[in-house]
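Reader: I've got a model open on my screen and would like to talk it through. Can you take me round it, one feature at a time?

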Amino acid sequence: MNIHEYQAKQLLARYGVAVPRGGVAYTVDEAATQAQELGGPVYVVKSQIHAGGRGAGRFKDNPGGKGGVRIVKSVEAVRENVREMLGHVLVTRQTGPGGKEVKRVYIEDGCEIARELYLGMLLDRGTSRLTMMASTEGGMEIEEVAARTPEKILKVSIDPATGMMPYHARKLAFGLGLEGKQVGSAVKFMLAMYKAFTELDASIVEINPLVVTKGGEVLALDAKMNFDDNALYRHKDVADLRDEDEEDPAELEAAKHELNYIKLDGNIGCMVNGAGLAMSTMDIIKLSGGAPANFLDVGGGATKERVTAAFKIILSDPNVEGILVNIFGGIMRCDVIAEGVVAAAREVSLDVPLVVRLEGTNVERGTKILADSGLPIVSAKDLGDAAVKVVKAVKEAA
């Protein structure tokens with residue numbers, strides 16, 4: 001689960017992470033009130049959407065011709081810029097061409113920046129440990145830094161038996177070239193960030209940029225936090241921060257039916273049981289010259305109703321021009337999947353090619369259900385055959 005920048009800063013501040021003062025606003029008047037309470041003389045007006053690159057982004061209808069993060073020097077300028085943001089669609093490199101509508105803004109104190117750095121924490125699956133990363137290249141995408149200048153990324157791997165220790169933080173601080181009171185400020189910041197990460201069951205915390213002010217303070221100028229969905233039952237306060245307006249409607253609908261669904265950019269819908277099999281299916285579609293439109297795992301114990309719901313979700317994507325169903329029946333029985341496929345195809349008046357590959361428990365019964373349905377369903381003998389058939393069918397239909 002993702003949250004907005006202002007929400008991440010509020011959570012981090014609870015643990016002692018240093019952030020500039022600020023407040024959220026949903027209207028122009030609320031933004032002006034927030035600015036008056038801050039007192040100036042410099043304010044930062046930030047569009048709040050779940051996407052990076054807001055400062056370099058542009059509004060679709062070009063209000064003011066500026067980006068989604070602006071520095072202003074009066075309450076009236078705050079009003080003017082918020083008026084140009086709220087209700088308008090901001091397009092960044094992470095939103096795609098459709099962009100996202102700005103429904104709230106964050107009004108924050110300006111600060112005198114001496115340096116911009118990067119600080120992030122995540123689970124390193126290679127070491128199975130939490131890892132804190134830092135770089136002198138603040139404000140840049142960390143993936144870009146890793147590709148061009150990997151030597152500028154500093155890492156410390158944290159032993160779960162000890163947790164993060166002050167020497168871990170000092171190592172990063174010295175590596176970033178901090179000195180004097182900056183080191184103490186950075187150590188306090190990093191230890192607080194680690195505590196927030198672990199106690200809130202975060203999956204990512206990213207501070208980009210982390211700034212050193214001219215007064216020697218270390219502050220989170222921006223903040224991104226993602227959380228482990230499986231641990232949200234322990235954190236109702238965090239779960240309540242969810243903004244469904246920022247999420248894909250199809251993904252929200254899938255969650256209601258306990259389906260794991262992620263929308264992609266291709267045109268071949270996939271319905272598979274098992275995450276590994278789903279990824280293999282997407283790979284072989286790509287290998288066969290197609291492009292998967294989604295990841296969808298119906299799980300090991302899906303019912304006919306869940307399979308029908310999965311079909312509807314796949315077909316809600318207007319880019320889908322064909323569907324590949326790939327089921328290995330272990331816990332999941334092939335006849336249940338077949339019944340769901342037939343029911344869904346009839347209910348939604350399926351008008352795109354459908355290829356089904358079944359293998360495992362009750363496969364003969366499942367195959368017979370498909371054959372007796374009277375629907376134009378193409379059966380495949382194995383995954384390679386299924387991928388070739390669905391790619392061919394989509395191309396012929398086009």
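Author: Bear in mind that this is a predicted model. A place to begin is strand 2, residues 43-47, which pairs with strand 7, residues 105-109, in the antiparallel sense over five bridges.

Reader: Which residue does Y43 stand opposite in strand 7?

Author: Y43 stands opposite D109.

Reader: And what packs on the sheet there, starting with helix 1? What does helix 1 touch?

Author: Helix 1, residues 5-14, touches strand 1, strand 2 and strand 7. The direction of helix 1 makes about 50 degrees with that of strand 7. Helix 3, residues 75-85, also packs on the sheet, and its contacts are with strand 2, strand 4 and strand 7. Helix 3 makes about 160 degrees with the direction of strand 4.

Reader: Back up a bit. What is the strand order in that open sheet?

Author: The order is 1-7-2-4, four strands with antiparallel pairing. Strand 1 (22-25) and strand 4 (69-72) are the edge strands, each pairing on one side only. From one strand to the next, the twist averages 20 degrees.

Reader: Switching to charges. How many salt bridges are there?

Author: The count comes to 27 salt bridges. One of them is between the side chains of K46 and E108, at 3.1 Å from N to O. K46 is in strand 2 and E108 in strand 7, so this pair links distant parts of the chain, 62 residues apart.

Reader: Are K46 and E108 buried or exposed?

Author: Both K46 and E108 are buried.

Reader: Next one. What does E137 form a salt bridge with?

Author: E137 pairs with K152, and the closest N and O atoms are 3.4 Å apart. E137 lies in the loop between strand 9 (129-135) and helix 4 (142-148), while K152 lies in the loop between helix 4 and strand 10 (153-158), so the salt bridge ties together parts that are 15 residues apart in sequence.

Reader: Why does K152 count as partly exposed?

Author: K152 counts as partly exposed because its relative accessibility is 33%, and the partly exposed class runs between 20% and 50%. E137 is partly exposed too, with a relative accessible area of 21%.

Reader: I also clicked on E144 and R148. Where do those two lie?

Author: Both are in helix 4, four residues apart, which is about one turn of the helix. Their side chains meet in a salt bridge, 3.3 Å from N to O. E144 is partly exposed at 31% relative accessibility, whereas R148 is exposed, with a relative accessible area of 63%.

Reader: Which residues do salt bridges with shared partners join into one network?

Author: The network consists of E5, K9, K46, R54, E108 and D222. K46 and E108 are the buried pair we discussed.

Reader: New topic, backbone oddities. Which residues does a cis peptide bond join?

Author: One cis peptide bond joins G40 and P41, with omega about 10 degrees. P41 sits in the loop between helix 2 (28-38) and strand 2. Another cis bond joins N208 and P209, again with omega about 10 degrees. P209 is in strand 11, residues 202-213.

Reader: Why point those out?

Author: Most peptide bonds are trans, and most residues other than glycine have a negative phi.

Reader: What is phi of S128, then?

Author: Phi of S128 is near 60 degrees, a positive value in a residue other than glycine. S128 lies in the loop between strand 8 (113-124) and strand 9, and is exposed, with a relative accessible area of 57%. N362 also has a positive phi, near 60 degrees. N362 is in the loop between strand 18 (354-360) and helix 12 (363-371), and is partly exposed at a relative accessible area of 24%.

Reader: Last thing, helix packing. At roughly what angle do helix 9 and helix 13 cross?

Author: The axes of helix 9 (residues 275-287) and helix 13 (residues 383-397) cross at roughly 55 degrees and come within 9 Å. That angle makes helix 9 oblique to helix 13.

Reader: Which residues make the contact?

Author: Helix 9 contributes T281, I284 and I285, and helix 13 contributes L383, G384, A387 and V391. The crossing of helix 9 past helix 13 is right-handed.

Notes:
Residues numbered from 1 in each chain as written. Predicted model: local features only at pLDDT ≥ 70, side-chain atom pairs only at ≥ 80, totals over all residues. Heavy atoms only, no water. Pairing = 2+ DSSP bridges. Axes fitted to C-alpha atoms, helices over the stretch in contact; angles between N-to-C directions. Contact = heavy atoms within 4.5 Å. Salt bridge = Lys/Arg side-chain N within 4 Å of Asp/Glu carboxyl O. Buried < 20%, exposed > 50% of the residue type's maximum accessible area, 1.4 Å probe, protein only. Parallel < 35°, antiparallel > 145°, perpendicular 65-115°, else oblique. Left-handed = near helix turned anticlockwise from the far one by under 90°.
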